[in-house]
Amino acid sequence: MTSTPLESMSFEDALRELEAIVRRLEEGKTNLEDAIKAYERGASLRVLCETKLKDARLRVEQIVVGADGSLTTKPTNFEE
C-alpha cells in the first residue's frame, strides 16, 4: 500500500491504488489489521475519486455550444 498523500494524487493514480486494494482484500490473504488499514485507505480513495469525477462533470457541463457550433464555457453558477 502506498502512502502518497491523497491531495497530491491524480484521479488515475487514486483509482489504480483503489483497484489494487480491492484485489488484495478480495484475495483475503492479509491479516486483520492490514485489511482494516487497507479498507480505510480505500474508503478515502473512493471519496477522492468521486470528488474528482464530480468536479470534472461540473466543468464539462459548463461547456456551451453556440448557435454557430462554436464552443464556449459558461461560468459556473451554483445557485441555480
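**Close-up views of helix α1 and its partner α2**

**View 1. The exposed side of helix α1.** On the side of α1 away from its buried residues, E26 and E27 are exposed. Keep in mind as you look around that this is a predicted model.

**View 2. The buried face of helix α1.** Turn now to A14, E17, L18 and I21, the buried residues of α1. Looking down the axis of α1, you would find these buried residues within an arc of 105°, so they line one face of the helix. Part of what covers them is α2.

**View 3. How α1 and α2 pack together.** Two packed helices are described by the angle between their axes and the distance between the axes. Here, helix α1 (residues 11-27) packs with helix α2 (residues 32-61) at an angle of about 145°, and their axes are 9 Å apart. The crossing of α1 past α2 is left-handed. On the α1 side, the contact is made by F11, A14, L15, E17, L18, I21 and L25. From α2, the residues taking part include A35, Y39, G42, L45 and C49. Sorted by class, this contact of α1 with α2 has 13 nonpolar, one polar and four charged residues.

**View 4. The length of α1 and what follows.** Here is a small check you can follow yourself: at 1.5 Å a residue, the 17 residues of α1 should span 24 Å. The C-alpha atoms at the ends of α1 are 24 Å apart, which agrees. After α1 comes G28, and the phi of G28 is positive, near 70°.

Note on methods:
Residues numbered from 1 in each chain as written. Predicted model: local features only at pLDDT ≥ 70, side-chain atom pairs only at ≥ 80, totals over all residues. Heavy atoms only, no water. Axes fitted to C-alpha atoms, helices over the stretch in contact; angles between N-to-C directions. Helix = DSSP H or I, 4+ residues; strand = E, 2+ residues; numbered from the N terminus. Left-handed = near helix turned anticlockwise from the far one by under 90°. Contact = heavy atoms within 4.5 Å. Nonpolar A, V, L, I, M, F, W, Y, C, P; charged D, E, K, R; others polar. Expected span 1.5 Å × (residues − 1). Buried < 20%, exposed > 50% of the residue type's maximum accessible area, 1.4 Å probe, protein only. Arc of directions from axis to C-beta.
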